[in-house]
Amino acid sequence: MFGQANVLAAGQAAFPPSVEDFYLPSILPWGAENSYWFTKITAMVWLAVGLLIIFFLATYRNPQLVPTKKQWIAESLYGFVRNNIAVDMLGHQGVRFAPYFTALFSFIVLTNFFAITPFLQISPNSHIAFPALLAVISYVMFIWVGIRHHGFGKFVKNSLIPPAPWYILPLLIPIEFFSTFLVRPFSLAVRLFANMFAGHMLLLVFTLGGFAMLNATPWLAPVSLLSWLMTIALTFLEFLVIVLQAYVFTVLTASYVQGALADEH
């Protein structure tokens, strides 16, 4: 973001920012022009995966009865997800899903946090591809869990046929199919993507807007200062959104798994 601000201040960039700013060029020196297969976004995803693996491996490499600070952080994170999401949503069955929910929550929080991290300042989840992939993983998991628990026929019956009079079933079954098998993954992906995309655009607009007004005339300097103060306030708001969206995504995934395991519709 501040790199873009410096470019704008030097008069080398267009204003306002556009959707095209999210399509970053390849960061590989040998990448062909217009190559997008390994960008800053891709590097951040691999960085997040690496950091999480190293953190949890290092934390539990030599666990202590009296936990170290790192062990306490990891145990607190796992305990929060296990007790407040997995067990609350799924009961005793939730414990076996807690590792996946913890990994999902941690990954989304970390990749979202990149949006307000200096020199990174964009979340991979502001690109629809990454929330869509996470949604597909959760979608496949809850269907697989439901089929494994009930069998294919009973799972489909529980998912599509509500307890209702037979004469309205022709209306309800398509609605249930659309809601369960189409809307769920779409809403999961779009909710996370839209919040991170909007947050990044707001921070860009207020940051670059301050430079744009300052470059236009010195008389707008107080307004520019106000714009940058708004950027600081929005950064704190974005931090809340970062954690909230990770929590909502994980809770909804747990809710879908709970529905797949339920014996009745």
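A pocket, as the word is used here, is an open set of grid points with protein on both sides within 12 Å along at least five of seven lines, and its lining residues are those that have an atom within 4 Å of a point. With that in mind, the reader can turn to this structure, which is a predicted model.

The largest pocket holds about 250 Å³ of space, and it is lined by Val 45, Val 49, Leu 52, Ile 53, Phe 56, Ala 103, Phe 107, Asn 125, Phe 130, Leu 133, Leu 134 and Ile 137. The elements that contribute two or more residues to this lining are helix H2 (40-59), helix H4 (98-113) and helix H5 (129-150), and the largest share, five residues, is that of H2. Sorted by class, the lining has 11 nonpolar residues and one polar residue, with no charged residues.

Helix H2 is a natural place to continue. It packs against H4 at an angle of about 130°, the two axes lying 10 Å apart, and because angles from 65 to 115 degrees are needed to count as roughly perpendicular and those over 145 to count as roughly antiparallel, H2 and H4 are oblique to each other. Their crossing is right-handed, and the contact brings Val 45, Ala 48, Val 49, Leu 51, Leu 52 and Phe 56 of H2 together with Ser 106, Phe 107, Leu 110 and Thr 111 of H4. Eight of these residues are nonpolar and two are polar, while none is charged.

The same helix, H2, also meets helix H3 (residues 69-90), where the axes come within 9 Å and cross at roughly 110°, which makes H2 roughly perpendicular to H3. Here H2 passes H3 in a left-handed crossing, with Phe 55, Phe 56 and Thr 59 of H2 in contact with Lys 70, Gln 71, Ile 73, Ala 74 and Leu 77 of H3. In this contact there are five nonpolar, two polar and one charged residues.

Helix H5, which also takes part in the pocket lining, leads on to helix H6 (residues 152-160). The axes of H5 and H6 come within 7 Å and cross at roughly 120°, so that H5 is oblique to H6, and the crossing is right-handed. On the H5 side the contact is made by Phe 142, Ile 143, Gly 146, Ile 147 and His 150, and on the H6 side by Phe 152, Lys 154, Phe 155 and Asn 158; by class, these are five nonpolar, three polar and one charged residues.

Methods:
Residues numbered from 1 in each chain as written. Predicted model: local features only at pLDDT ≥ 70, side-chain atom pairs only at ≥ 80, totals over all residues. Heavy atoms only, no water. 1 Å grid on protein atoms, 1.4 Å probe; cavity = no way out; pocket = protein on both sides within 12 Å on 5 of 7 lines; lining within 4 Å. Points joined across faces, edges and corners; volume = space filled by probe spheres on them. Helix = DSSP H or I, 4+ residues; strand = E, 2+ residues; numbered from the N terminus. Nonpolar A, V, L, I, M, F, W, Y, C, P; charged D, E, K, R; others polar. Axes fitted to C-alpha atoms, helices over the stretch in contact; angles between N-to-C directions. Parallel < 35°, antiparallel > 145°, perpendicular 65-115°, else oblique. Left-handed = near helix turned anticlockwise from the far one by under 90°. Contact = heavy atoms within 4.5 Å.
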